[in-house]
Amino acid sequence: MIEEFAAWFRGYFAIIFGLAIGAVAHFGKRIADEDTIGWRQVIGFTMQLGLIGLVASVSTKQIGITDNDMRALVTAILAISANEVIQWLKRNGWLRFMPDAAVEERERK
């Protein structure tokens with residue numbers, strides 16, 4: 001049980017690390033731009049990080065990125081602009097990141 005968790009954690013540590021670095025960079029940019037940051041913004045951003053982590057995990061696997069440093073970098077870049085990433089996904093369709101689901105959706109139509 002512990003060994004399974006350790007293997008899972010090693011596999012996703014780069015994503016978790018990238019989310020942390022991206023979150024710090026996001027708020028650092030906001031502070032540098034002299035934006036005011038309220039608790040609602042912090043909570044809202046934090047709530048989006050789970051989705052960003054999933055998008056980063058799926059997209060890096062689809063692209064074929066296996067190097068942990070690159071996975072962390074991609075995740076951090078996505079986390080810095082979490083709001084924009086989610087808006088882009090909503091505008092352009094979620095199925096771009098789920099090719100198997102996109103094929104099934106086309107076959108149903």
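User: Before we start, what do buried, exposed and partly exposed mean here?

Analyst: Buried means under 20% relative accessible area, exposed means over 50%, and partly exposed lies in between. The model is predicted.

User: Why is Asp-33 called partly exposed?

Analyst: Asp-33 has a relative accessible area of 43%. Partly exposed lies between 20% and 50%. Therefore Asp-33 counts as partly exposed.

User: What makes Asp-33 and Lys-29 a salt bridge?

Analyst: The closest N and O atoms of Asp-33 and Lys-29 are 2.8 Å apart. The cut-off is 4 Å, from a side-chain nitrogen of Lys or Arg to a carboxyl oxygen of Asp or Glu. The pair is within that cut-off, so the name fits. Side chains of opposite charge can pair when their charged atoms come close.

User: How is Lys-29 classed, and why?

Analyst: Lys-29 is at 49% relative accessibility. Exposed needs over 50%. So Lys-29 counts as partly exposed.

User: How many salt bridges does the whole structure have?

Analyst: The search finds two. One of them joins Arg-30 and Asp-35, at 3.3 Å from N to O. That distance is within 4 Å, so this pair qualifies.

User: Are Arg-30 and Asp-35 buried or partly exposed, and why?

Analyst: Arg-30 is at 19% relative accessibility. Buried means under 20%, so Arg-30 is buried. Asp-35 is at 37%, so Asp-35 is partly exposed.

User: What makes the nonpolar surface patch?

Analyst: Phe-5, Trp-8, Phe-9, Phe-13, Ile-16, Phe-17 and Ile-21 make a patch of about 690 Å². Take Phe-17, in helix α1 (residues 2-32). Its relative accessible area is 42%. Patch residues need over 30%, so Phe-17 meets that cut-off.

User: Which residues have the most contacts inside the largest nonpolar core?

Analyst: They are Leu-19, Phe-45, Leu-49, Ile-52, Leu-78, Ala-79 and Val-85, in a core of 17 residues. The elements giving two or more residues to this core are α1, α2 (39-63), α3 (68-80) and α4 (82-92). α2 gives the most, with five residues.

User: Why can Leu-19 be called buried?

Analyst: Leu-19 belongs to the core. A nonpolar core is a set of buried residues, so Leu-19 must be buried.

User: What does Ala-79 touch?

Analyst: Leaving out residues up to four places away in sequence, Ala-79 touches Gly-18, Leu-19, Gly-22, Ala-23, His-26, Phe-45, Leu-49 and Ile-52.

User: What is the secondary structure of the protein chain?

Analyst: The chain has five helices and zero strands. Along the sequence, the pattern is α-α-α-α-α. Of its 109 residues, 28% count as buried.

Technical notes
Residues are numbered from 1 along each chain as its sequence is written. This is a predicted model: local features need pLDDT of at least 70, side-chain atom pairs count only at pLDDT 80 or more; totals for chains, interfaces and linings use all residues. Side-chain values use heavy atoms; hydrogens and water are left out. Patches are made of residues with over 30% relative accessible area and no salt bridge: like charges are joined within 9 Å, nonpolar side chains (Val, Leu, Ile, Met, Phe, Trp, Tyr) within 5 Å. Accessible areas come from the Shrake-Rupley method with a 1.4 Å probe; for residues, only the protein chains shown count as cover. Helices (H or I, at least four residues) and strands (E, at least two) are DSSP runs, numbered from the N terminus. Buried means under 20% relative accessible area, exposed over 50%, partly exposed in between (1.4 Å probe, protein chains only). A nonpolar core is a set of buried Ala, Val, Leu, Ile, Met, Phe, Trp, Tyr and Cys residues joined through side-chain atoms within 4.5 Å. Contact means heavy atoms within 4.5 Å.
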